[in-house]
Amino acid sequence: MSEDTAAVAARERTPVVKDNGRGISALLASPAGRNTGLVVALVLLCLGGVVTAGDRFADVDNLLTILRLAAVIGVVSVGMTFVITGGGIDLSVGAIVALSSVWATTLATQGIANDTHWIVIVFTALVVGGACGLVNGTLIAYGRVVAFIATLASLAAARGLAEIISNRKTQIVNVPGFAAFFDASVLGVPVLVVIFAVVAAAGWVLLNRTTFGRRTFAVGGNPEAARLAGIDVRRHTVWLYTLLGLCCGLAAVMLIARTTTGSATHGGLYELDAIAAVVIGGTLLSGGRGTIAGTVFGVLIFTTLSNVFTLNNLSISAQAVAKGAIIVVAVLLQQRLARRSGA
Amino acid sequence: MPHKRTTRLIAALTLGVALTACTGNTPQNQGGGNQGGVRVANDEPGKKVVIGFSAPAADHGWMAAISNAAKAEAGKYSDVELRAVEGTNDVNLQISQVETFINDKVDAIVLLPFDGAALTPVALKAMKAGITVINVDRQFDSPFAARSTVLGDNYGMGVSAGTYVCERLKGKTDAVVAEIAGIDSLPLTQDRSKGFAEALAGCGLKVSNRVAAEFTVESGEKAAANLLQAARRIDAIWNHDDDQGVGVTAAIKNSGRSEFFMVGGAGSANVMREIKADNGPHKATVIYPSTQGADGIRLARLAVQNKSLGDLVEVEVPRQVQLYAPVVTKDNVDRYLPTAFES
């Protein structure tokens, strides 16, 4: 599905004749094929759900439950896809979600929102998230701090700041109209799910159909070559992290709507969930190759897994083990495919 | 070399089996239920009740005991079907667990929310769907979100501990009383400290040294080591939590000091065993019942079956049940040990 330069280049280098006798692996190595693998995994999971839980799984209400659960982490994961495709990583997303949720629900913010419009809450969360991303990006691009370290620092600092602002208390939202808007449904689809769908679609267009997207692949694949090709790599890196920050702000709004609260404990370990979804989706951790569709499937696989486990009374601990196993299998498969397509 | 390989395989298998065996941690006997096996009229099987149960992650002994006791309690009733989803500290996931219960049209939900305020909207949704919601330990912020609430008594814990310290230090007006609190910013910690200070004031004592830990063994060790450095002579210590108390006891052992006695909090089985054997610093502990979830299960069953609460005249299940925080000493420890939790 994704225009993925590395794979395209690889295919161009490999004479077609060489694919003789390994049609399946060639198919799997193609971008569409990689998604086929994910679809198969998702279908298998759903079959597992139907077999073990029957009507309780195959039910519209249950489907909406899965999608609502996927929506918040899904928005973060779409942003994460950009940063990882661009050769970076962001460990601070959970903390940024927490900070945005807290900042957007302080008594001061709610006071202004009460006097004007609830959109102030959304605006505040987006600005805080975006600003955090901007700081991350600037530190990494212009301060030359390794992304892992810079965002590790943000992880600690942002959550600490969230605790200071909220005084570790849970802030309840009482702004009229806010909860009503996000609780509503459009043609039976909850607004949160609509937001996720819109973000995913916009992300796909941005990554695959615009200059910004092509630059992202270039910067992630080979920053030196990108620089020589006239791309301002540093400025582009700042943009990528800011974009992810905005996604975190939006996720915070969705979490506030879902819980009617802002809290410094929101978004715990979202960084791992988001990175896991992106990686099993087929985006290369080393950058240069990324797929939004794969990420969406990755998120859906994990949330469906949660749902099937919940329906069957299985423990969260066993679920964590299954999650780990899925990640390892996905990455092993990816490496294999990468090696073959590169051969 | 097949022989050697077989040997290796056997060795690996043996090791695997041995390791698997080592993960066994099941306690011999989880208490709870009617002490002495008294059967009352309410225990007679009635209409079938499907109960959904959700609690935060079992990351410390008390929380693990909450889930275990609830499951054990449900197992005692032939008319109760428990759907226990295992704990999570991610509010987004816990909300989706409750949504699953609503989709399943369970009769009742027993919910110990990770964050009371954050789970309020989904609890309201469940109540609106006609499901009996029993709120345990951490309160919702809307009175409409639960049919009934089971609570411990944090303020009462402080009062009980303070009163016991007063009794033991009778007449010693210059006594040095120290306090090792839990996470200081939590309202429950503030309530406990308030009760303790007010009870001490009743006999002319005050807290001379106060440190705060974080409910974990490691933090308890650190806080106690600092406290012992800071105070040359101590007559009594109240430690808020027996899980962190494992670390506190370790620090006391390391220091070799024994001029004081110690009062625990929450009521773990190993502290009670120490009180019974009288071989450590603990001479008493005050209980914060880990059987609240189990009581929630019972209340849910009674409410759905339209039964009243045993010995009360009132026809309906009460709106709120607050449990008592008794002092456990060598004299009465046998009464409380069966329902104590393993940390």
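**Exercise 1. Describe the span of residues 51–307 of chain B, and say what UniProt places there.**

Step 1. The end C-alpha atoms of residues 51–307 of chain B lie 16 Å apart. The model is predicted.

Step 2. Take the secondary structure. Helix makes up 47% of the span and strand 19%.

Step 3. Turn to the record. An unreviewed UniProt entry gives residues 51–307 of chain B the feature "domain: Periplasmic binding protein".

**Exercise 2. Characterise the packing of H5(A) against H13(A).**

Step 1. Locate the helices. H5 of chain A covers residues 93–103, and H13 of chain A covers residues 233–259.

Step 2. Set up the description. Two packed helices are described by the angle between their axes and the distance between the axes.

Step 3. Read both values. The angle is about 55°, and the axes are 8 Å apart.

Step 4. Classify. Angles from 65 to 115 degrees would count as roughly perpendicular, and those under 35 as roughly parallel. H5(A) and H13(A) are therefore oblique to each other. Their crossing is right-handed.

Step 5. List the contacts. H5(A) brings Val93(A), Ile96(A), Val97(A), Ser100(A) and Ser101(A). Among their partners in H13(A) are Leu244(A), Cys248(A), Ala252(A) and Ile256(A).

Step 6. Sort by class. This helix contact has 9 nonpolar, 4 polar and no charged residues.

**Exercise 3. Break down the side of chain B that touches chain A.**

Step 1. Count. 26 residues of chain B are in contact with 28 residues of chain A.

Step 2. Assign elements. In chain B, strand S2 (80–85), helix H3 (91–103) and helix H4 (116–128) each supply at least two residues of this side. H3(B) gives the largest share, 9 residues.

Step 3. Sort by class. This side of chain B has 9 nonpolar, 10 polar and 7 charged residues.

Definitions and conventions: Residues numbered from 1 in each chain as written. Chains lettered and ligands numbered in written order. Predicted model: local features only at pLDDT ≥ 70, side-chain atom pairs only at ≥ 80, totals over all residues. Contact = placed C-beta atoms within 7 Å. Helix = DSSP H or I, 4+ residues; strand = E, 2+ residues; numbered from the N terminus. Nonpolar A, V, L, I, M, F, W, Y, C, P; charged D, E, K, R; others polar. UniProt positions renumbered as here; feature names shortened; annotations may be inferred. Axes fitted to C-alpha atoms, helices over the stretch in contact; angles between N-to-C directions. Parallel < 35°, antiparallel > 145°, perpendicular 65-115°, else oblique. Left-handed = near helix turned anticlockwise from the far one by under 90°.
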